[in-house]
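Student: Hi! I've got a structure open and could use some help reading it. Can we go through a few spots together?
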Amino acid sequence: MTGIEHLYQTFTMLKKRQEKALITYLVAGDPDLKATARHIEVMAQAGADVIELGIPFSDPSADGPVIQRASARALSKGTHSANILQMVSEVRQRVTIPLIFMSYYNPILQYGLTQFCQDAAQAGVDGVIIPDLPVEEAGPLATVALSKGLAVIPLAAPTSTRQRLAKIAALAQGFIYCVTVTGITGTKQVVTGEINGLTRQIKEFTELPVVAGFGIATPEQAIAVAQHCDGVVVGSALVRLIEELGENSPQAVADLTRQLKEALTMEYIGAPG
Amino acid sequence: MPPDKRGYFGSYGGTFVPETLMPALEELIMAYQKAQQQPDFQREVAYYLKHYVGRPSPIYFAATLSKQIGGADIYLKREDLNHTGAHKINNTVGQLLLARRMGKQRIVAETGAGQHGVATATVAAMLGMKCVVYMGEEDMYRQSPNVFRMRLLGAEVVKVSSGSGTLKDAMNEAMRDWVTHVRDTFYCIGSVAGPHPYPMMVRDFQAIIGLEAREQMLDQRGTLPDCVVACVGGGSNSMGMFYHFLPHKQVKLVGVEAGGLGLQTDRHAAALSAGRPGVLHGSYSYLVQDAEGQISPVHSISAGLDYPGVGPEHSYLKDSGRVQYIAVSDEEALDSFHLLSRTEGILPALESSHALAGAVKLAAQMNNQQSLLVCLSGRGDKDVHTVAKEMGVALP
């Protein structure tokens, strides 16, 4: 099964079960790769439907302070694409939910687009999200990713015009990642009104699931946002737990993941739009 | 040569930014294209460049320096004589007048040496706009006079402590501000770097340097210079200087990068001489980076050149061979700082001292029938603390 098929299967199953997707994010190698492997397993066991694994970058200009610090910690431990791929292929033996890479473009470009997509697919990765790669520049990556069955998951923003949303929808595989606010990760409070309009517009162009992220930290916020989409991404809130609790973080990460998933399962909020 | 529609100079450039910013870039491209076709915008820019900045800046034949070097006649394009003391204001006048046309009242900028920050704060004050400048912690220390100047001009200066606390980190933070306030904020980039249309737009606003200098050389000497030299950090003064000389194939063009403690060390900022292409801050261009594509810490004694990237048009000009890029060390730049101060009574900025160091080497290999034009991009007053420290002199 390819990554694209794996994601399709996951979202189809969630829909059947009348659940919204919980996508959890963490930075690979924060504080080291062994801890990341543990956190991935813990998140999967606690109910995460998809895990987004950040490849750390020296200049994360779309991220807020929490993920900036996590990236710096990971890089200081010598984390890079090759040892992340190694860790993922080991974790893949035990974790069956979709795993997505989130990376700035340069680390992937320097690894080599074709080599990266091949190695990622082989390690059991299902898709990639590149925050600094708008549709205009995504062609080269999308071509090789598709040939390896990897989903290229584009971002849509509150500022995106209709024309741009059409292009984004045409490029997307797996799902579309909707940015809830103009801003960087983990800082602003989410405005649900804006999300509603944006997801409705995207749904005019595609059947793909639409998930929302940026600024969602609590089960209450997850429920509020999930009314308007097919799932939510929670990142900085989990990364903060890893930062603050160190070796004790797996328990807290599991607890928050479970609470978020329960909130998204408790009441089916109805199809968006 | 303009870039293509997607902002590419050959294979370099593009728009590698988050989706949130793409509509803002599309809006900027439209507004800039429209303004370029409006004679009243051109007149407005020309008016402020003449009456506010003090253009045209002169070229000056550095007779004593030339005699001492004993090669080509050295001419200096005196961008240091502009209002605020550097070439940076040519661009900020253009961009902020454009911002006003677009109805944007809040301006953000990044700054390294502080010259772009000062130039942005200056024009923002004059046009009554709110101005926020991001500056690395390390740079705020070594360029402290400029920090105070910006505050006197009414700008908010925000300290950036992340990363190396220098220009690249200030640019990361300015981009984070822009993505957060994109609907009412204009990002005034100070170099020919960043996503399209910035490399093209900043070059166009800075091209006045070479346009004037070409006429002035013909007026004063009767010929074009044999060689034109400028320093390259992000590359705005050099791109502005080179642009109108590009079609004159007989004119040799040389860009001088910051060699820091030497290209064989990891303490330099020479993207073109010692880097390889990659994506940072919105465009694909040469970068100082490690094997994994992480941006490497860079070093230069000059805050304005202490940047791991370079504008995409320079990358194109390097590969095409039209411009030759060399690097000089901190020490060579300092020597040239002292040399120009003593021979000509001009304190050059440490950035411009790199261009001078390159020029002195090149001029020595030329004959006295030939001429060499250097872009003296800024004045050195802001650097006296750094120079004093290097000399072991304690200033009050």
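Student: Which residues does Val88(A) touch, not counting residues up to four places away in sequence?
Tutor: Happy to help! This is a predicted model. In it, Val88(A) touches Leu53(A), Leu99(A), Phe101(A), Ala123(A) and Val125(A).
Student: And which residues have the most contacts inside the largest nonpolar core?
Tutor: Val88(A) is among them, along with Ile40(A), Leu53(A), Phe101(A) and Val232(A). That core has 73 residues. There is also a second, separate core of 66 residues, which includes Leu21(B), Met22(B), Ala24(B) and Val132(B).
Student: Switching topic: is Glu212(B) buried or exposed?
Tutor: Glu212(B) has a relative accessible area of 11%. Buried means under 20%, so Glu212(B) counts as buried.
Student: Where is Glu212(B), and what does its side chain pair with?
Tutor: You'll find Glu212(B) in helix α10 of chain B, residues 208-220. Its side chain makes a polar contact of 2.8 Å with the side chain of Arg55(B). Beyond its neighbours within four places in sequence, Glu212(B) also contacts Pro56(B), Ser57(B) and Lys77(B).
Student: One more! How many residues of α5(B) are buried?
Tutor: In α5(B), 11 of the 13 residues are buried, including His116(B), Val118(B) and Leu127(B).
Student: What do those buried residues pack against?
Tutor: The buried residues of α5(B) pack against α2, α4, β5, β6 and α7 of chain B.
Student: And what comes after α5(B)?
Tutor: Gly128(B) follows α5(B), and the phi of Gly128(B) is positive, near 70°.

Notes. Residues are numbered from 1 along each chain as its sequence is written. Chains are lettered from A and ligands numbered from 1 in the order in which they are written. This is a predicted model: local features need pLDDT of at least 70, side-chain atom pairs count only at pLDDT 80 or more; totals for chains, interfaces and linings use all residues. Side-chain values use heavy atoms; hydrogens and water are left out. A nonpolar core is a set of buried Ala, Val, Leu, Ile, Met, Phe, Trp, Tyr and Cys residues joined through side-chain atoms within 4.5 Å. Buried means under 20% relative accessible area, exposed over 50%, partly exposed in between (1.4 Å probe, protein chains only). Contact means heavy atoms within 4.5 Å. Helices (H or I, at least four residues) and strands (E, at least two) are DSSP runs, numbered from the N terminus. A polar contact is a pair of N or O atoms within 3.5 Å; within protein, one must be able to donate a hydrogen and the other to accept it, and residues adjacent in sequence count only if both atoms are side-chain atoms.
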